[in-house]
Amino acid sequence: MSRAAVLAGLGAMVPERAVDNEEISRLVDTSDEWIRTRTGISRRYWAAPGTATGDLAVVAGRRALESAGVDTVDQVILATSTPNRPMPATAPEVAAALGLAGVPGFDLSAACAGFIYGLHSAAGAIAAGFAERVLVIGADIWSTRLDPEDRATAIIFGDGAGAAVLRAGDATEPGALTGFDLGSDGANRDLAFLPAGGSRQRSERAPLREEDNYLAMRGKEIFTHAVERMAGSSETLLKSIGWTAEDLDWFVGHQANVRILHTVADVMDVPRDQVVVHLDKVGNTSAASIPLALTDAAAEGRLEPGQKILLTAFGGGLSWGSVALSWPDIKVTGIETA
């Protein structure tokens, strides 16, 4: 038996408040048609005042545990760029709320690629025998970090959380994470970043500008890098595990922009009707986007046991990563709003 991490459960949630393009159009100079044409997004969900990232993560984590039919794990990993506080980490707080006090938990920051990085960390712990089950959560609340007058970001981002339970199993069984490819490029760190709050900004002791509290992003350059990195990472991974694009049943990319998803698929020769698209319903939910897309597709019955799935993501940092698996026979319910 070759020990490997196996997907055992999924759960996801978005806040109750839906924000459609018409509402966004009243905040910035845009329109429903402009947003749909350029991004594919029709609505997104924003958290209510007083709601923190950890609150969303708890709901998604609980649903993933229920999906897996377990009430305990050996480790909790929270992928987020919007933690409850800079310190302490949010993961231990989430673990405690889930009745997992005492279980090791930590935050992981890799922007929109965070969930893939979290799966990689969890799979390593399981393969090494350090854990039998790990809960991986991707959660972000970016609505509080968006300049309402910045069309480049205000129209794109939504809030949400998605989670997966991985268990120890055999590398040949359905649900086993078959392989990974990860990468980063810190030379391009300024393509998408939050200026305020870190030691760099604070050590410079310059007056804090209002705009420094908001996400800054250079969209055209991000588009180019996202296509190049997700396609390249995906192709590298497929080659390493002996799969081809023709072997894939579904391609699940980070849900940032439908044009990015389709362009990556075209580069890889993956038919567009095999691309899972969920961003039209929830926008770009950063580290939550892939588990949200998987949960939605699985709940609708599109993902069937034994199908070959490729996940890939790209985010600020720059960071990117891909993972392959065959779909397991698991029970997944729809995305909860709360």
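Q: What makes a residue such as Thr30 count as buried rather than exposed in this predicted model?
A: A residue is called buried when its relative accessible area is under 20%, exposed when that area is over 50%, and partly exposed in between. Thr30 has a relative accessibility of 15%, which is under the 20% limit, so Thr30 counts as buried. Thr30 lies in the loop between α1 (21–25) and α2 (32–39), and its C-alpha is 8.7 Å in space from that of Ile155, although the two are 125 residues apart in sequence.

Q: Why is Ser286 called buried, whereas Asp269 is called exposed?
A: The relative accessible area of Ser286 is 1%, under the 20% limit, and Ser286 is therefore buried. Asp269 has a value of 63%, which is over 50%, so Asp269 belongs to the exposed class. Ser286 is placed in the loop between α10 and α11, and Asp269 in the loop between α9 (258–268) and α10.

Q: What is noted about the backbone of Asp269 and of Ser286?
A: Asp269 is not a glycine, yet its phi is positive, at about 65 degrees. Ser286, likewise not a glycine, has a positive phi of about 55 degrees.

Q: What makes the contact between Arg272 and Asp266 a salt bridge?
A: The term requires a side-chain nitrogen of Lys or Arg within 4 Å of a carboxyl oxygen of Asp or Glu. For Arg272 and Asp266 the distance from N to O is 2.6 Å, which is within 4 Å, so the pair qualifies as a salt bridge. Arg272, at 45% relative accessibility, falls between the two limits and therefore counts as partly exposed, and Asp266, with a relative accessible area of 38%, is partly exposed for that reason too. A search of the whole structure finds 13 salt bridges.

Q: How do you know that Lys281 forms a salt bridge with Asp296, and what does the pair tie together?
A: The N to O distance between the side chains of Asp296 and Lys281 is 3.1 Å, which is within the 4 Å limit, so this pair is a salt bridge. Asp296 lies in helix α11 (residues 289–299) and Lys281 in helix α10 (residues 279–282), so the pair ties together parts that are 15 residues apart in sequence. Asp296 has a relative accessibility of 11%, under 20%, and therefore counts as buried, whereas Lys281, at 24%, lies between the limits and so counts as partly exposed.

Q: What makes Glu300 a salt-bridge partner of Lys281, and which residues form the network?
A: The closest N and O atoms of Glu300 and Lys281 are 3.2 Å apart, which is within 4 Å, so the definition is met. This pair links distant parts of the chain, with Glu300 in the loop between α11 and β12 (308–315) and Lys281 in helix α10, 19 residues apart. Glu300 counts as partly exposed, since its relative accessibility is 47%. The network of salt bridges links Lys281, Asp296, Glu300 and Arg302.

Q: Why is strand β1 described as largely enclosed?
A: Eleven of the twelve residues of β1 (residues 3–14) are buried, so the strand is largely enclosed by the rest of the structure.

Q: How do you know that β1 pairs with β7 and with β14?
A: Two strands pair if at least two bridges are found between them. β1 and β7 (residues 160–170) have ten bridges in the antiparallel sense, so they meet this requirement, and Gly11 has Ala163 in β7 as its bridge partner. β1 and β14 (residues 336–337) run parallel and are joined by two bridges, so this pair also reaches the minimum; here Met13 stands opposite Glu336.

Q: What makes β5 and β14 the edge strands of the open sheet?
A: The open sheet has six strands in the order β5-β4-β6-β7-β1-β14, with mixed pairing. β5 (105–108) and β14 each pair on one side only, and they are the edge strands. Within this sheet, β4 (residues 75–79) and β6 (residues 133–140) run parallel and are joined by five bridges, with Leu135 in β6 as the bridge partner of Val76.

Technical notes:
Residues are numbered from 1 along each chain as its sequence is written. This is a predicted model: local features need pLDDT of at least 70, side-chain atom pairs count only at pLDDT 80 or more; totals for chains, interfaces and linings use all residues. Side-chain values use heavy atoms; hydrogens and water are left out. Buried means under 20% relative accessible area, exposed over 50%, partly exposed in between (1.4 Å probe, protein chains only). Helices (H or I, at least four residues) and strands (E, at least two) are DSSP runs, numbered from the N terminus.
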